[in-house]
Amino acid sequence: MAAHANMPIQCQWTTQSEAFRHFASYAGRTQSQRHIKPLHWYVACRLVVEGGFRPSEIQPRPPFDIEKTGSRKFKLVRGAAGGSEATILGGLKTKSVDVVVSKPGIGPVMAVSCKGITGAFRNLTNRMEEMIGECTNLHITYPALVLGYFFLVRGNPETVPGAPLAQELGPNDIAFSAGGTPNPSIARYHAALSRISGRRGIRDEVSAYEAATLVVVDPTEDSAGEIIPTTFPDSESELGIEEFFQTLYQRYDERFVYAAPELGPVTRRLMWSSVPEGLGSGESELGYRERLDHVPARE
């Protein structure tokens, strides 16, 4: 991952740990969006490597190309990347969305909005209004769009030993008390996000996301970017990161593959005969499993 000051413009190959570590340790101005860009890249790359979507159909374009090696056999290789976001026609206004999958002749089929907060948690009330408005706007025009909301929280503890952040934390910047109790604003946001996610059918409420995830990461120097092993969100939360991606894939397949088999050559997600070296080795390094045609499906 490049240094903060000279971050590349184009999408880079990014793992989950790299994206989370960058977000957790970033000390610049968040208005630049540099703290969250690697999360966009991680999501875009994961939609290819795990999701089986074609790199050319994703914005920002991940750094991959496809080589056909036989009948319905595809090899994923390194390739040119892009950096531009997609602009989607909403029912109320056009909207630039962080990561978008579009299919030729169909239009946008999946989109993921990536947000994060590093402090000033009282502002989460405004974020609630924004996320509902964005979702409604996009679903009005594209009711079949599979829309996800990915939210990262910097889990600032009440005391921050060895934190890389050169700043004093105010009361409203603390995510967890010394006893591990979450900031009430974060707890309310989690509850609200749980209520407005889980949309299953295209005739369901347009103000709900198909899937959402809320991830709290450690800002301390030795563990920067690691998901905090805490009771919040607990194991029963519907906003887990793995459930998030699997739900996106399931909703997509239901709407664009199973419901329209004649469009299969365009909509079917690909299996890879191989992926480029250096991506890691399976779930232990990537955080997820590559979509390989010789690996048993996840049960």
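User: Where is Asn183 found?
Analyst: This is a predicted model, so take everything here as read from predicted coordinates. Going by the elements on either side, Asn183 comes after strand 8 and ahead of helix 4. That puts Asn183 in the loop between strand 8 and helix 4.

User: Okay, and is Asn183 buried or exposed?
Analyst: Being in a loop doesn't settle that, so look at the neighbours and the area. Leaving out residues up to four places away in sequence, Asn183 touches Phe121, Pro171, Asn172, Ile174 and Ala175. Its relative accessibility is 10%, and the cut-off for buried is under 20%. So Asn183 counts as buried.

User: How does Ala120 count by relative accessibility?
Analyst: Ala120 is in the loop between strand 7 and helix 3, and it has a positive phi of about 50° although it isn't a glycine. Its relative accessibility is 21%, while buried would need under 20% and exposed over 50%. Therefore Ala120 counts as partly exposed.

User: Any odd peptide bonds? Which one is cis?
Analyst: Check the loop between strand 1 (58–59) and strand 2 (64–70), where Pro60 lies. Omega there is near -5°. The cis bond is the one from Gln59 to Pro60.

User: Which element gives the most to the largest nonpolar core?
Analyst: That core has 51 residues, and Val43, Leu47 and Phe150 have the most contacts inside it. Elements giving two or more residues include helix 1 (16–25), helix 2 (37–49), strand 7 (107–117), strand 8 (146–154) and helix 5 (241–258). With nine residues, the top contributor is helix 2.

User: What is Val43 in contact with, leaving aside neighbours within four places in sequence?
Analyst: Val43 is among the residues with the most contacts inside the largest core, so its partners are worth listing. Leaving those sequence neighbours aside, they are Val99, Val112, Cys114, Phe150 and Phe245.

User: How many residues are in the second, separate core?
Analyst: This one is separate from the core around Val43, and its members include Leu138, Tyr149, Tyr209 and Ala212. The count for this second core is 30 residues.

User: How do helix 1 and helix 2 run relative to each other?
Analyst: Their axes come within 8 Å and cross at roughly 165°. Angles over 145 degrees count as roughly antiparallel. That makes helix 1, relative to helix 2, roughly antiparallel.

User: And which residues make the contact of helix 1 with helix 2?
Analyst: Helix 1 passes helix 2 in a left-handed crossing. By class, the contact has five nonpolar, two polar and one charged residues. Helix 1 brings Gln16, Ala19, Phe20 and His22, while helix 2 brings Pro38, Leu39, Tyr42 and Arg46.

User: What about helix 3 and helix 4, roughly parallel or antiparallel?
Analyst: The axes of helix 3 (residues 124–141) and helix 4 (residues 184–195) come within 10 Å and cross at roughly 15°. Under 35 degrees is the cut-off for the parallel class. Helix 3 and helix 4 are therefore roughly parallel.

User: By class, which residues does the contact of helix 3 with helix 4 have?
Analyst: Here helix 3 passes helix 4 in a right-handed crossing. Helix 3 supplies Leu124, Arg127, Met128 and Met131, and helix 4 supplies Ser185, Ile186, Arg188, Tyr189, Ala192 and Leu193. Sorted by class, that's seven nonpolar, one polar and two charged residues.

User: Zooming out, what percentage of the residues count as buried?
Analyst: The protein has seven helices and ten strands. Among contacts with a separation of 6 or more, residues 24 or more positions apart account for 65%. Of the 299 residues, the buried share is 49%.

Methods
Residues numbered from 1 in each chain as written. Predicted model: local features only at pLDDT ≥ 70, side-chain atom pairs only at ≥ 80, totals over all residues. Heavy atoms only, no water. Core = buried A, V, L, I, M, F, W, Y, C linked by side-chain atoms within 4.5 Å. Buried < 20%, exposed > 50% of the residue type's maximum accessible area, 1.4 Å probe, protein only. Helix = DSSP H or I, 4+ residues; strand = E, 2+ residues; numbered from the N terminus. Contact = heavy atoms within 4.5 Å. Axes fitted to C-alpha atoms, helices over the stretch in contact; angles between N-to-C directions. Parallel < 35°, antiparallel > 145°, perpendicular 65-115°, else oblique. Left-handed = near helix turned anticlockwise from the far one by under 90°. Nonpolar A, V, L, I, M, F, W, Y, C, P; charged D, E, K, R; others polar.
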